[in-house]
Each structure stands twice: as C-alpha cells, then as structure tokens.
Amino acid sequence: MNSPAIADIKVHHPPGDLAIWVFILAELLAFGVFFTTYVVTRMHNVALFDEMQLTLDRNAGALNTVFLIAGSWCVARSVAAIKLDHRAASARWLLWGILAGGGFLVVKLFEYSAKFEAGINLATNTFYMFYLSLTFFHFMHVILGMVILLAVWLKAHRGGYSAADHHGLETGASYWHMVDLVWIILFPLVYVMR
Amino acid sequence: MNMNARRLDFIFAVLLIGTALTWWMGETGHAGPAAVLGILAIAAVKGTLIIRDFMALRGINVFWPTMVIGWLLLVLGIIMGGYWKGL
C-alpha cells in the first residue's frame with residue numbers, strides 16, 4: 001500500500017529536504033544577479049577587465065575547479081554508496097569531498113594573499129572590486145557547504161544513515177553541488193573569457 | 001561497481017576534460033565571439049551534467065530541473081549577450 005505513495009514522493013520532489021531547494025533557488029538567483037552585474041559593468045570597461053584578467057592566476061582557478069568538481073563527485077559517490085547501504089564507504093566518500101573543499105580554500109587563500117601583498121584591494125579598480133567580492137561571496141558558500149558536509153559526515157561516520165534513511169545526506173549533498181555549479185560559471189567568466 | 005557509480009565516474013571524467021579545455025582556451029589566448037561561445041557551451045554541458053546527475057534531478061518532476069537548468073541557460077545567455085555586445 002505504501003509503495004506507490006513513496007514512489008510518488010521520490011518522483012515529484014528533488015533529493016533531500018524541500019527547504020534546501022528553496023534556499024538553493026534563492027542562492028542561484030543571488031549569484032545570477034551578481035553575474036549579470038559583472039557582465040553589464042564589463043560592457044562599459046572592456047579594456048580594463050581584459051587587462052586585469054591577465055593579472056589573475058588562471059592555473060589556480062583551474063586547480064580550484066578540479067577541487068570543486070572532485071568534491072562534488074565524491075559527495076555524489078557517497079550518496080550512491082548509502083543507497084546500497086554501504087555505510088562506511090559513504091562516510092569515506094564524504095570525507096574526501098570535505099578534503100577537496102579544503103583544497104579549494106587553501107588555493108583561494110594563497111591567491112588572496114598574493115593579491116593583498118601586491119597592494120590590491122576592493123578599491124583598486126572596478127574589475128578587482130568584482131573579482132574580490134564575487135569570489136569571496138562564493139568562498140563563504142564553500143565554507144558553509146563544508147560545515148554542512150562535516151555535520152553530515154559526523155552522523156554518517158556513526159552509521160546514522162542507511163539505504164532506507166539518508167534524507168540528511170542528500171540535503172547536504174544538494175547544497176554542495178550548488179556551490180560547484182556556481183563555480184562552473186564563475187571560473188570561465190572571471191578567469192578565462194575575453 | 002554498480003551502474004550508477006560508473007555513470008558518476010564517467011561524468012567526473014567529462015567534467016575534468018571540459019575544465020582542461022576551458023583552461024587551455026585561456027592559456028592559448030582564445031578570444032572573441034567564437035571563443036566565448038565555445039567556453040559557454042562547455043560550461044552549459046558541465047552545468048547540465050552536474051544538475052542532472054550529481055544533483056540527481058534527472059527523472060524528477062519537470063519543475064525542478066526546468067528551474068535549475070533554466071537558471072543556468074538564462075545566466076549563460078545573458079553572459080553571451082553581454083560579451084558579444086561588448087567585444
């Protein structure tokens with residue numbers, strides 16, 4: 001009797017808590033406004049944006065893309081593992097995902113520190129105002145995503161999720177993938193396109 | 001290894017290749033409308049894969065994938081329009 005109802009819920013709702021998806025849509029809207037503002041401002045300052053873009057460390061940007069993609073893959077594998085009730089493997093994949101997020105933060109901090117040592121700040125010019133604020137806004141989201149994943153990992157490590165009950169894991173995973181999705185646009189926009 | 005895990009591994013490989021291509025286009029100085037279109041097309045493919053397979057919105061009620069993929073395409077379209085107009 002319960003099967004059709006459960007199947008119906010699974011088909012109609014995204015993975016995890018519905019509230020996180022409302023939050024994800026709000027976050028995507030905020031980033032969308034940010035990206036649009038960047039593009040519109042660039043239209044009036046093309047030479048400045050193109051010149052300043054060359055001062056960014058594109059290798060660091062690409063490395064950070066790899067960290068976030070790898071982190072997202074690990075978290076997706078964690079969800080796939082728990083669906084098979086492989087609890088230890090699920091926790092292990094989650095931990096790798098958190099470490100990948102840590103790698104992103106370390107690289108970004110090196111990037112920020114190089115810019116600050118060169119005397120660059122929000123007031124340097126319009127491009128750097130966008131670069132610093134946009135990437136820092138995303139940086140804070142990575143930290144929040146890692147805090148969520150850490151809380152999920154603590155429960156997963158204790159065997160708190162199973163094939164039948166992994167709602168919390170899917171909720172944390174959905175948020176983490178959103179952070180990855182935003183960077184998929186941010187990297188080419190700020191570091192590459194000209 | 002189950003089919004879902006294999007699919008996730010394959011998608012991870014595609015995402016890495018897409019990232020390498022984007023990086024290479026930047027390193028080799030690709031610029032202009034065609035380069036912008038190519039880079040945004042790569043981002044569209046990568047984003048759609050993340051939404052459908054990592055976020056697991058494939059097979060879910062059409063509202064959710066439409067909202068998130070719609071956001072992706074709208075933002076990429078705005079970027080393309082802005083760059084083409086500003087180039």
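How many residue pairs are in polar contact between chain A and chain B, counting pairs with both at pLDDT 80 or more?

**Entry 1: the polar contacts.** I began with this count, bearing in mind that the model is a predicted one, and I found 10 residue pairs in polar contact between chain A and chain B, both residues of each pair being at pLDDT 80 or more. I then looked up which helices of chain A face the partner, and noted that α1 (2–12), α2 (18–43), α4 (58–83) and α7 (167–192) each give at least two residues to the side of chain A that touches chain B. The largest share of that side comes from α2(A), which supplies 14 residues. Sorting the side of chain A that touches chain B by class, I wrote down 33 nonpolar, nine polar and six charged residues.

**Entry 2: the extent of the interface.** Next I looked up how many residues take part, and recorded that 48 residues of chain A are in contact with 46 residues of chain B. The two chains bury about 4100 Å² between them, and 78% of this area lies on carbon and sulfur atoms.

**Entry 3: the salt bridges.** I searched the whole structure and found eight salt bridges over all chains, while the count between chain A and chain B is two. I followed one of them, in which B:D9 is joined to A:R77 with the closest N and O atoms 2.7 Å apart. This pair crosses between chains, running from helix α1 (residues 3–27) of chain B, where B:D9 sits, to helix α4 of chain A, where A:R77 sits. As a general reminder to myself, side chains of opposite charge can pair when their charged atoms come close.

**Entry 4: two helices side by side.** How are α2(A) and α3(B) oriented, roughly parallel or roughly antiparallel? I looked up the packing of α2(A) against helix α3 (residues 63–86) of chain B, and found an angle of about 5 degrees, with the axes 9 Å apart. Because angles under 35 degrees count as roughly parallel, I entered α2(A) as roughly parallel to α3(B). The residues of the contact of α2(A) with α3(B) divide into 18 nonpolar, four polar and two charged.

**Entry 5: chain B by itself.** Last, I turned to the build of chain B, which has three helices and zero strands, so that I could write its elements from the N terminus on as α-α-α. The C-alpha atoms of chain B, taken along the principal axes, fill a box of roughly 45 × 30 × 10 Å.

Conventions. Residues are numbered from 1 along each chain as its sequence is written. Chains are lettered from A and ligands numbered from 1 in the order in which they are written. This is a predicted model: local features need pLDDT of at least 70, side-chain atom pairs count only at pLDDT 80 or more; totals for chains, interfaces and linings use all residues. Side-chain values use heavy atoms; hydrogens and water are left out. Contact means heavy atoms within 4.5 Å. Buried area is the accessible area (1.4 Å probe) that two parts lose on being put together, summed over both. A salt bridge is a side-chain nitrogen of Lys or Arg within 4 Å of a carboxyl oxygen of Asp or Glu. A polar contact is a pair of N or O atoms within 3.5 Å; within protein, one must be able to donate a hydrogen and the other to accept it, and residues adjacent in sequence count only if both atoms are side-chain atoms. Helices (H or I, at least four residues) and strands (E, at least two) are DSSP runs, numbered from the N terminus. Ala, Val, Leu, Ile, Met, Phe, Trp, Tyr, Cys and Pro count as nonpolar, Asp, Glu, Lys and Arg as charged, and the others, Gly among them, as polar. Axes are lines fitted to C-alpha atoms, for helices over the stretch in contact, and angles run from 0 to 180 degrees between N-to-C directions. Angles under 35 degrees count as roughly parallel, over 145 as roughly antiparallel, 65 to 115 as roughly perpendicular and the rest as oblique.
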